[in-house]
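Please open the model in your viewer and keep the sequence panel beside it. The tour below proceeds by selection, with a short account of what each selection shows.

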Amino acid sequence: MAYYDYFKQFRQMSPEELRRKAEASMENARAKGRSYEPVILQGRPRNICKTWWGDAWCRNLERYADFASRIDRGKRYVRSGAVVDLKIHGGDIKAKVQGSRRTPYNVEIKVDPLPEKRSREIEEKSLGKIKDLAALANGEFPEELEHLFFSRDGLFPTPDEIHFDCSCPDWAYMCKHVAAVMYGIGVRLDENPFYFFPMRGLDVDRLIDKAIENRLDSMLSHADVKSPRIMQGADLLEIFGVISS
Ligand SMILES: [Zn+2]
C-alpha cells in the first residue's frame with residue numbers, strides 16, 4: 001500500500017463522502033451482477049432501531065469488548081449507508097462495509113449456537129406462553145417475551161459467544177465496520193424478529209409446535225372429553241381462537 005493510501009484510510013470521512021463511496025460500490029456490484037442487500041435506515045432520525053427488540057439488541061452491544069470506543073463511529077457508518085451488504089444465515093453473518101478505501105471491507109460475525117442446557121431451558125419456559133408464541137408466528141414480538149429472550153440466560157450472545165473479523169487494518173477486536181454491522185443486525189431484527197432463533201440454533205417452528213401440543217394436552221386434561229375427535233366445535237374454536245389471537 002502506498003504511503004499516502006496507508007494514512008488516508010485512518011482519516012475521518014464526512015457522512016456525504018462515505019455515502020457517495022457506498023453508492024459507487026453498490027453501483028459497481030450491480031454492474032458485475034452481484035446482489036448486495038444494503039442496510040437502509042429511512043425515517044429513523046433518532047434511534048437506529050424502531051422496535052423494542054431491535055433496540056434491546058443495540059443496547060446489548062455495550063456488553064462487547066472494545067465497543068465503547070467504536071460506538072459513535074459504528075452508528076455514523078450505518079447511518080451513512082456504509083453497510084452496503086448484510087446477509088444473515090443462522091449464526092453466520094457476512095457483510096461488506098464501505099470505508100475510505102474504494103472496495104468495501106469484508107466483515108464476518110459468527111454467533112455460537114445456544115448451549116444445549118440453555119436451549120432446553122428456553123424451550124421449557126416457552127411452553128406456557130402459547131399466546132405469545134402465536135403472536136410471534138404472526139410476525140409480532142410481544143413484550144411479555146422480553147425476559148425469556150433477553151435476560152442474562154436468554155437468546156442474546158454473551159461476549160464469549162460471538163466472534164468478529166474484519167479485513168480492515170484496525171487492530172481493535174471490534175472495529176467501526178464491525179460495530180456498524182452489529183447495528184445493521186439490529187435493523188434486520190427490527191424487520192424480522194425470527195432471525196433471533198436460527199442465529200442461536202433454535203428451531204422456532206418446533207418451539208411453536210411443542211407449545212401448541214402442550215396447550216392442547218392441558219386443555220384436554222381439563223376438559224370433560226376423551227379425545228380431540230369428539231370435542232365440540234366451540235372447544236376447537238376456543239383453542240384455535242387462542243392460537244390465532
Ligand atoms: Zn474493520
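Begin by selecting strands S1 (residues 83-89) and S2 (residues 92-97), which run antiparallel and are joined by six bridges; strands here are DSSP runs of type E with at least two residues, helices are runs of H or I with at least four, and both are numbered from the N terminus. The model is a predicted one, in which local features need pLDDT of at least 70 and side-chain atom pairs count only at pLDDT 80 or more, whereas totals for chains, interfaces and linings use all residues. Residues are numbered from 1 along each chain as its sequence is written.

Within this pair, Ile-88 has Ile-93 of S2 as its bridge partner. Move next to the turn of the hairpin, where two residues lie between the strands and Gly-90 takes a positive phi near 60°. Then colour S1 by burial, counting a residue as buried if 20 or more other C-beta atoms lie within 10 Å of its own, exposed if 12 or fewer, and partly exposed in between, with C-beta atoms placed from the backbone. Five of the seven residues of S1 are buried, so this strand is largely enclosed by the rest of the structure.

**The whole sheet**

Extend the selection to the four strands, which form an open sheet in the order S1-S2-S3-S4 with antiparallel pairing, two strands being taken as paired if DSSP finds at least two bridges between them. S1 and S4 (162-166) stand at the edges with a single partner strand each, so one side of each is left without a neighbour in the sheet. From one strand to the next, the twist averages 10°.

Strand S3 (residues 105-111) pairs with S2 over six bridges, and two positions help to set the register: Val-97 stands opposite Tyr-105, and Ala-95 stands opposite Val-107. On its other pairing, S3 meets S4 over five bridges, again in the antiparallel sense, and Lys-110 stands opposite His-163 there.

Now show the side chains of S3. In a regular strand the side chains alternate between the two faces of the sheet. In S3, Tyr-105, Val-107, Ile-109 and Val-111 point to one face and are buried, while Asn-106, Glu-108 and Lys-110 point to the other and are not buried.

**The helix across the sheet, and the core**

Select helix H8 (residues 176-191), which lies across S1, S2, S3 and S4 and runs at about 60° to S1; axes are lines fitted to C-alpha atoms, for helices over the stretch in contact, and angles run from 0 to 180 degrees between N-to-C directions. What is the largest nonpolar core built from? It has 47 residues, and those with the most contacts inside it are Ala-82, Val-83, Val-97, Val-178, Ala-180 and Val-181. H8 gives the most to this core, with nine residues. Such a core is a set of buried Ala, Val, Leu, Ile, Met, Phe, Trp, Tyr and Cys residues joined through C-beta atoms within 7 Å.

Centre the view on Val-83, which touches Pro-38, Val-39, Val-78, Ala-95, Val-97, Ala-180, Val-181 and Gly-184, residues up to four places away in sequence not being counted. Contact here requires that the C-beta atoms of two residues, placed from the backbone, lie within 7 Å.

**Two single residues**

Glu-37 is in the loop between helix H2 (15-31) and helix H3 (52-60), and this residue is partly exposed, with 15 other C-beta atoms within 10 Å. Leaving aside neighbours within four places in sequence, Glu-37 is in contact with Asp-85, Leu-86 and Lys-87. Ser-126, in helix H5 (residues 116-127), counts as buried, with 22 C-beta neighbours inside 10 Å.

**Confidence**

Finish by colouring on pLDDT, the predictor's confidence in each residue, from 0 to 100. The protein averages 80, and 79% of the residues score at least 70. Confidence is highest in S2, at 98, and lowest in helix H11 (residues 233-244), at a mean of 47. Over residues 239-245 the pLDDT is below 50, and this stretch has nine contacts in the model beyond near neighbours in sequence. Where pLDDT is low, the predicted coordinates should not be read in detail.
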